[in-house]
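Biologist: I would like to learn how to read a protein model feature by feature, beginning with its interior. Could you take me through one slowly?

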Amino acid sequence: MEFETLQLELKQLLQRGGMTLHKWYTDLSPTTVQEEFPLVRYSEEIQVKTLGMIWNSISVISVVLHGFADASSKAYGAVIYMQTVSITDESNYQLLCSKSRVAPIELVPISRLELCACLLLSKLTRRVISAVKMQIESMQLCSDSTIALA
């Protein structure tokens with residue numbers, strides 16, 4: 001399917017949902033090759049759904065993963081960014097993937113939801129490490145919950 005057809009279908013789908021698209025921005029061109037790792041929840045294979053980014057690993061000398069976990073009374077989630085440092089010491093940050101969950105209907109303490117967010121981040125990080133075909137130099141995983149960190 002052509003790139004322009006996909007754009008038109010997305011615009012029509014958003015309009016049916018009552019959302020009007022005012023601006024269109026994408027860094028993908030019709031010639032961009034996308035690689036997708038579908039995230040299957042109960043699969044034994046290590047798979048991760050990324051944002052379709054392809055990195056030029058030839059000029060990359062360092063890869064660092066930055067992960068963040070947070071929660072509220074309604075939901076909790078985790079996000080992972082990838083920092084790449086090139087030969088020219090230029091740093092590039094890209095959103096790699098994220099995952100979120102709706103909080104249970106019954107009342108659950110925020111500290112417990114923060115712990116669930118940290119668990120979600122650790123599982124997501126493990127899958128990313130297994131799926132990314134690059135040498136990862138280091139990881140920094142963050143949470144603003146001192147109770148969950150303890």
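Modeller: Gladly, and please keep in mind that this is a predicted model. In soluble globular proteins, nonpolar side chains tend to be buried together. Here the largest nonpolar core has 23 residues, and those with the most contacts inside it are Leu65, Ile80, Met82, Leu96 and Val128.

Biologist: Which elements give two or more residues to this core?

Modeller: They are the strands β1, β2 and β3 together with the helix α2. The largest share comes from α2, which gives seven residues. To see how one core residue is surrounded, take Leu65: leaving out residues up to four places away in sequence, Leu65 touches Ile80, Tyr81, Met82, Leu96, Val128, Ile129, Ile136, Ser138, Met139 and Gln140.

Biologist: In what order do the elements of the chain run from the N terminus on?

Modeller: The order is α-β-β-β-α-β-α, and the secondary structure comes to three helices and four strands. Of the 150 residues of the chain, 30% count as buried. The accessible surface of the chain comes to about 10800 Å², and 56% of that surface belongs to carbon and sulfur atoms. As for how the chain folds back on itself, among contacts between residues at least 6 apart in sequence, 58% join residues at least 24 apart.

Biologist: How should I read helix α2, and which of its residues are buried?

Modeller: A general point helps first: an α-helix has 3.6 residues a turn, so residues three or four places apart point the same way. In α2, the buried residues are Leu113, Glu114, Ala117, Cys118, Leu120, Leu121, Leu124, Thr125, Arg127, Val128 and Ala131. What covers these buried residues includes β1, β2, β3, β4 (138-143) and α3 (146-149). You can also check the length of the helix, because at 1.5 Å a residue the 22 residues of α2 (residues 110-131) should span 32 Å, and the end C-alpha atoms are 31 Å apart, which agrees.

Biologist: What is Leu113 in contact with, leaving aside its neighbours within four places in sequence?

Modeller: Leu113, which lies in helix α2, is in contact with Ala71, Ser72, Ser73, Tyr76, Ala103, Pro104 and Val108. Its relative accessible area is 2%, and Leu113 is therefore counted as buried, the limit being under 20%. The C-alpha atoms of Leu113 and Ser145 are separated by 10.0 Å, although these two residues are 32 residues apart along the chain.

Biologist: How many disulfides does the count come to?

Modeller: A disulfide is a covalent bond between the sulfur atoms of two cysteines. In this model the count comes to zero disulfides. Consider Cys118, whose sulfur is 9.3 Å from the closest cysteine sulfur, in Cys116, and is therefore too far for a bond, since the cut-off is 2.5 Å. Cys118 is itself buried, with a relative accessible area of 19%, and Cys97 also counts as buried, at 5%.

Biologist: How many aromatic pairs are there, and where do the two partners lie?

Modeller: The count comes to one aromatic pair. Phe68 and Tyr81 form this pair, with 6.2 Å centre to centre and 75° between the planes, an arrangement that is edge-to-face. Phe68 lies in strand β1 (residues 60-71) and Tyr81 in strand β2 (residues 75-86), so the pair ties together parts that are 13 residues apart in sequence. Phe68 is partly exposed, with a relative accessible area of 38%, and Tyr81 counts as partly exposed at 31%.

Biologist: Is Asp89, in the loop between β2 and β3, buried or exposed?

Modeller: Asp89 is exposed, with a relative accessible area of 62%. Asp89 also has a positive phi of about 65°, although it is not a glycine.

Biologist: What can I read from the strands on either side of that loop?

Modeller: In strand β2 you will find Ser86, which counts as buried at 14% relative accessibility. Leaving aside neighbours within four places in sequence, Ser86 is in contact with Ser59, Val60 and Ile61. In strand β3 you will find Arg101, which counts as partly exposed at 24% relative accessibility. Arg101 and Gly77 are 24 residues apart in sequence, and their separation in space is 6.1 Å, C-alpha to C-alpha.

Terms used:
Residues are numbered from 1 along each chain as its sequence is written. This is a predicted model: local features need pLDDT of at least 70, side-chain atom pairs count only at pLDDT 80 or more; totals for chains, interfaces and linings use all residues. Side-chain values use heavy atoms; hydrogens and water are left out. Buried means under 20% relative accessible area, exposed over 50%, partly exposed in between (1.4 Å probe, protein chains only). Rings of Phe, Tyr and Trp (its six-membered ring) pair if their centres lie within 6.5 Å; planes under 30 degrees apart count as stacked, over 60 as edge-to-face and the rest as tilted. The expected span of a helix is 1.5 Å times one less than its number of residues. Contact means heavy atoms within 4.5 Å. A nonpolar core is a set of buried Ala, Val, Leu, Ile, Met, Phe, Trp, Tyr and Cys residues joined through side-chain atoms within 4.5 Å. Accessible areas come from the Shrake-Rupley method with a 1.4 Å probe; for residues, only the protein chains shown count as cover.
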